[in-house]
Amino acid sequence: ASYKVGYFVGSLSSTSINRRLAQALTRLAPPELQLVEIPIKDLPVYSQDYDADYPPVARTFKQAIADCDALLFVTPEFNRSIPGGLKNAIDWASRPWGQNSLAHKPSGVIGTSPGAIGTAVAQSQLRGVLCYCNSPLMNTVEAYIHFKEGLITADGEVTNESTREFLRNYMTELHAFIVRVLTVLPRTT
Ligand code: FNR
């Protein structure tokens with residue numbers, strides 16, 4: 001079987017190293033995984049006032065999640081936490097109450113930063129949020145990618161062999177996790 005994995009890039013930067021990482025993961029994924037980006041940049045800042053009538057951009061966003069078997073969060077760390085734009089997207093996805101798009105949707109978390117701990121604090125917080133949103137989360141492999149100049153080229157080629165194999169293994173494990181979860185949980189779509 002093949003699985004559609006929607007990925008979020010937690011950065012809105014035009015030169016995002018996390019977007020490069022997402023491109024690398026797309027290249028390294030096993031053939032059973034089809035990766036598609038779910039864009040977050042056009043979502044307004046969420047308010048409960050929208051719950052009665054979600055705007056088209058948010059409906060499209062929630063439908064894009066519904067169309068995927070699993071989700072992958074590729075994110076930077078901002079001030080030792082989840083970037084606001086990504087948290088905003090998760091808040092949109094989780095509502096209106098009773099229509100949580102993340103429920104039962106298997107997910108993985110990964111990120112890169114030039115800082116030595118490679119987004120570990122942001123990922124830790126993101127894991128807590130995703131658990132609350134009832135998304136079955138891959139516990140292991142963890143992946144804190146310490147970005148150094150040239151590690152991933154603009155078109156997503158990983159130049160360091162051990163990092164490349166580590167990321168390939170991450171995607172192999174993510175695939176196995178998705179298979180396990182979808183074997184025991186009903187698909188929500
Ligand atoms: C950062 N950066 C950063 N890095 C880190 O490892 N821990 C942190 O807490 C922060 N905090 C932070 C806050 C803000 C507002 C910015 C703009 C940046 C640096 C960050 O890792 C670096 O800019 C990356 O390039 C961001 O990832 P993208 O946007 O290139 O994918």
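## Exercises: a helix pair and a strand

In this predicted model, helix α1 passes helix α5 in a right-handed crossing. Let's work through that pair, then turn to a strand.

**Exercise 1.** Work out whether α1 and α5 are roughly parallel or roughly perpendicular to each other.

*Solution.* Start by finding the two helices: α1 covers residues 17-28 and α5 covers residues 161-184. Next, take the angle at which they pack, about 70°, with the axes 9 Å apart. Now apply the cut-off: angles from 65 to 115 degrees count as roughly perpendicular. So α1 and α5 are roughly perpendicular to each other.

**Exercise 2.** Find which residues of α1 and α5 meet, and sort them by kind.

*Solution.* On the α1 side, look for A24, L25 and L28. Their counterparts in α5 are R164, L167, R168 and M171. Sorting the residues of this contact gives 5 nonpolar, no polar and 2 charged.

**Exercise 3.** Decide whether the two faces of strand β3 are covered or not.

*Solution.* First pick out β3, residues 70-74. One side carries A70, L72 and V74, and the other carries L71 and F73. These residues are all buried, so both faces are covered. The tally agrees: 5 of the strand's 5 residues are buried.

**Exercise 4.** Name the strands that bridges join to β3, and say how they run.

*Solution.* Begin with β1 (residues 3-9): 5 bridges join β1 to β3, and the two run parallel. One bridge pairs V5 with A70 in β3. Then go to β4 (residues 107-113), which is joined to β3 by 4 bridges and also runs parallel to it. Here V74 has I110 in β4 as its bridge partner.

Notes
Residues numbered from 1 in each chain as written. Predicted model: local features only at pLDDT ≥ 70, side-chain atom pairs only at ≥ 80, totals over all residues. Axes fitted to C-alpha atoms, helices over the stretch in contact; angles between N-to-C directions. Parallel < 35°, antiparallel > 145°, perpendicular 65-115°, else oblique. Left-handed = near helix turned anticlockwise from the far one by under 90°. Contact = placed C-beta atoms within 7 Å. Nonpolar A, V, L, I, M, F, W, Y, C, P; charged D, E, K, R; others polar. Buried ≥ 20, exposed ≤ 12 C-beta atoms within 10 Å, placed from the backbone. Pairing = 2+ DSSP bridges.
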